Amino acid sequence: MRDAFIETLTELAAQDPRVMLITGDLGYGVLGAFAERFPDQFLNAGVAEQNMTAIACGMALSGWRVYTYSIPNFPTLRCLEQVRNDICYHDCDVTIVAVGGGFSYGQLGMSHFATEDLAIMRALPNMRVVAPTEKWEAQDLLRDLAQAKGPAYLRIDKDAGGRTRRAGERATLGEARRVRDGADATIIATGAILREALIAAERLAAQSVDCRIEAMHTIKPLDEAAILSAAAETGGVVTLEEHNCIGGLKGAVAETLLSAGARVGFFRSIALDDMFPTVVGDQPYLRVRHGMDAAAVEAAVLSALSSGKPLGRLAESA
């Protein structure tokens, strides 16, 4: 996804001389061509994310469209005060680009795990929160963010995600994307971990369980209509995210259902337990280790369906 991001940002920079990319001393192999082509639209702020964010705010207030770039925890948690007080409070045109969501940097340990960022960023007023599920979504959503005003958090994965694009399909900011139809359950996923939902849905289909899949690439503003539709039209909802179980996609979906008084057959969440993982390893290994892989999704759906009478196709045929 990071290659797709810089390819699209290069297009935007060529069209708009106000585009400014600021890195926190990261991404030389990815950003090198951009820096050479647009030397006046690129800045390395060094390992000083608070300064990077303050610079971004100042430039945005002077008319620039600024993009900061680093590993997720560093342009967010390390400089949360600057993000909140400078960028969000002043409603600046700054997009925080975080490369490596979830366990993307799994070999580097918990300091590089991005597992609280969605919760924290979505709690900030004025902040849009976007986590593309596939490479091409990252490109479409970046273009949408470029047309929007105000702060944004773009969480991209090192993985390319799934491959579900239909001919002529486009991802739109704030609108979930229906990846698969089904009536027995809905799996709502954000980020490249959507890949695990696709595998799980295929396994479930072999057991005569049909799952709807919604790619919820935008966490804020949230597509509440897609969530309420899932509750009304399918047997229940399972959320899937490479993130802490508190405050991220699970919280956003649950808040929507409860606030609307929606009747849902069941509600399950596949996410990281409320903990700091002490094990390191690559992304697929950590997903399995923490119960966030396709097998976990499959088991959650089957368990939910067996625990009570679902509201979807299985109930109609009972």
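Accessible area here is worked out with the Shrake-Rupley method, using a 1.4 Å probe. By that reckoning the protein exposes about 12600 Å², and carbon and sulfur atoms supply 51% of this area. Keep in mind as you look around that this is a predicted model.

Let's start with the whole thing. The protein has 13 helices and 12 strands. Its C-alpha trace spans about 65 × 40 × 35 Å along the principal axes. What radius of gyration would a compact globule of 318 residues have? It would be near 20 Å, and the protein has 20 Å, so the two agree. Of the 318 residues, 59% count as buried. Now think about who touches whom: among contacts with a separation of 6 or more, 78% are between residues 24 or more positions apart.

Next, zoom in on the aromatic rings. A pair of aromatic rings is described by the distance of the centres and the angle of the planes. Rings count as a pair if their centres lie within 6.5 Å, and by this rule there are three aromatic pairs. One of them is Phe5 with Tyr69: the centres are 5.8 Å apart and the planes sit at 15°, which is under the 30 degree cut-off, so this pair is stacked. Find Phe5 in helix H1 (residues 2-15) and Tyr69 in strand S3 (residues 65-70); because they are 64 residues apart in sequence, the pair ties together distant parts of the chain. Are these two buried or exposed? Phe5 has 0% relative accessibility, so it counts as buried, and Tyr69, at 1%, counts as buried too.

Another pair is Phe34 and Phe38, with 5.1 Å from centre to centre and 50° between the planes, which makes it tilted. Both of these Phe residues are buried.

Rings can have charged company as well. Look at Tyr105: the charged end of Lys158 sits over its ring, 4.3 Å from the centre.

Our last stop is Gln283, which lies in helix H11 (residues 283-289). Why does Gln283 count as buried? Its relative accessibility is 10%, and buried means under 20%, so Gln283 makes the cut. Which side chains does the side chain of Gln283 meet in polar contacts? One is that of Ser104, at 3.5 Å, and another is that of Glu242, at 3.0 Å. Leaving aside residues up to four places away in sequence, Gln283 touches Ser104 and Glu242 along with Gly101, Phe103, Asp157 and Asp159.

Technical notes
Residues numbered from 1 in each chain as written. Predicted model: local features only at pLDDT ≥ 70, side-chain atom pairs only at ≥ 80, totals over all residues. Heavy atoms only, no water. Phe/Tyr/Trp six-rings, centres within 6.5 Å; stacked < 30°, edge-to-face > 60°. Helix = DSSP H or I, 4+ residues; strand = E, 2+ residues; numbered from the N terminus. Buried < 20%, exposed > 50% of the residue type's maximum accessible area, 1.4 Å probe, protein only. Lys NZ or Arg CZ within 6 Å of the ring centre and 35° of its normal. Polar contact = N/O pair within 3.5 Å; in protein donor to acceptor, adjacent residues only side chain to side chain. Contact = heavy atoms within 4.5 Å. Rg over C-alpha atoms; globule rule 2.2 N^0.38 Å.
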